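Open the model in your viewer and keep the selection panel at hand. The stops below go from the whole chain down to single residues.

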Amino acid sequence: MQEYRTFALAVLVGTALSVPGFAQGAGDNDDDDAAPVLAAAEKVTRASKDVPELVLGSATDSFTVNQKDFELIAGQGYRWKITSAAGLEYKFATDMFRNVWMNQIVINDLEVHMNGAPAWLEFDSEGTMQVQFTTIRPGTYTWSVPDLGDKGMKGTITIK
């Protein structure tokens with residue numbers, strides 16, 4: 001009978017400790033409010049999400065970019081518009097393309113479907129390409145306009 005009581009007590013304590021928040025009183029952790037927000041922000045969904053558009057160049061500065069660093073979630077589908085807004089020829093390259101499942105590239109409502117990643121995207125004139133992909137491998141990847149990286153046309157893509 002004593003063994004049964006000990007076993008029952010162990011099960012009761014184990015169950016109580018496995019319930020979130022039971023072993024830790026409210027207010028014991030300063031991050032209580034931050035954790036749910038972070039978890040909700042990083043939740044993978046079935047619908048593709050939009051990555052903020054990357055704009056290469058502008059009417060006043062051919063070597064500017066509107067954003068350098070991007071954060072994505074592993075396992076999530078994305079749509080990413082990359083735009084050339086200046087008169088230069090840009091060759092956009094990233095090692096991320098080799099670490100995602102590439103769905104398609106859309107140019108002027110024309111779709112390119114691939115069985116592998118593109119080596120780079122080349123803009124011979126102003127315009128937008130939309131790349132649709134699903135992130136697979138977490139890591140930090142680089143993107144750049146190879147010959148213009150020293151002028152600031154480079155950044156990172158972090159997949160968490």
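What follows is a tour of a predicted model, one selection at a time.

**Whole chain**

Start with everything shown as a cartoon. Two helices and ten strands make up the secondary structure of the chain. Trace the sequence from its start: the pattern reads α-α-β-β-β-β-β-β-β-β-β-β. Switch on the surface. About 10,200 Å² of the chain is accessible, and carbon and sulfur atoms hold 54% of that area. Of the 160 residues, 31% are buried. Now consider contacts with a separation of 6 or more: 72% of them link residues 24 or more positions apart.

**Colour by confidence**

The mean pLDDT of the chain is 83, and 74% of the residues reach at least 70. Select residues 15-19. Here the pLDDT is below 50, and the stretch has two contacts in the model beyond near neighbours in sequence. Select residues 21-40 next. The pLDDT is again below 50, with five contacts beyond near neighbours in sequence. Where pLDDT is low, predicted coordinates should not be read in detail.

**The five-stranded sheet**

Select β2, β10, β9, β4 and β7, in that order across the sheet. These five strands form an open sheet with mixed pairing. Which strands lie at the edges? They are β2 (69-72) and β7 (121-123), each paired on one side only. Look along the sheet: from one strand to the next, the twist averages 15°.

**Around β9**

Zoom in on residues 139-144, strand β9. How many bridges join β9 to β10? There are six, and the two strands run antiparallel. To find β10, select residues 154-159. One bridge to show sets Y141 against I157 in β10.

Turn to β4, residues 90-94. β4 also pairs with β9 in the antiparallel sense, over two bridges. A93 has S144 of β9 as its bridge partner. T94 has W143 of β9.

**E89, in the loop before β4**

Step back to E89, in the loop between β3 (77-84) and β4. Show what surrounds this residue. Setting aside residues up to four places away in sequence, E89 touches E122, F123 and D124. Draw a distance from E89 to V145 as well. The C-alpha atoms are 9.7 Å apart, while the two residues are 56 apart in sequence.

**The nonpolar core**

Show side chains for L56, W80 and M96. These residues have the most contacts inside the largest nonpolar core, a set of 30 residues. In soluble globular proteins, nonpolar side chains tend to be buried together.

Centre on W80. What does W80 contact, leaving aside neighbours within four places in sequence? The list includes V51, P52, E53 and L54. Also in contact with W80 are F70, F92 and M96. M129, Q130, V131 and F133 belong to the list too, as does I157. I157 has already appeared on this tour, as the bridge partner of Y141.

**The loop between β5 and β6**

Finish at N108, in the loop between β5 (100-107) and β6 (110-112). Check the backbone: phi of N108 is near 50°, a positive value in a residue other than glycine. Is N108 buried or exposed? N108 counts as exposed because its relative accessibility is 67%, and the cut-off for exposed is over 50%.

Move on to D109, in the loop between β5 and β6. D109 has a positive phi too, near 65°. At 74% relative accessibility, D109 is therefore classed as exposed.

Key. Residues numbered from 1 in each chain as written. Predicted model: local features only at pLDDT ≥ 70, side-chain atom pairs only at ≥ 80, totals over all residues. Heavy atoms only, no water. Helix = DSSP H or I, 4+ residues; strand = E, 2+ residues; numbered from the N terminus. Buried < 20%, exposed > 50% of the residue type's maximum accessible area, 1.4 Å probe, protein only. Contact = heavy atoms within 4.5 Å. Areas by Shrake-Rupley, 256 points an atom, 1.4 Å probe, with all protein chains shown as cover. Pairing = 2+ DSSP bridges. Axes fitted to C-alpha atoms, helices over the stretch in contact; angles between N-to-C directions. pLDDT = per-residue confidence, 0-100. Core = buried A, V, L, I, M, F, W, Y, C linked by side-chain atoms within 4.5 Å.
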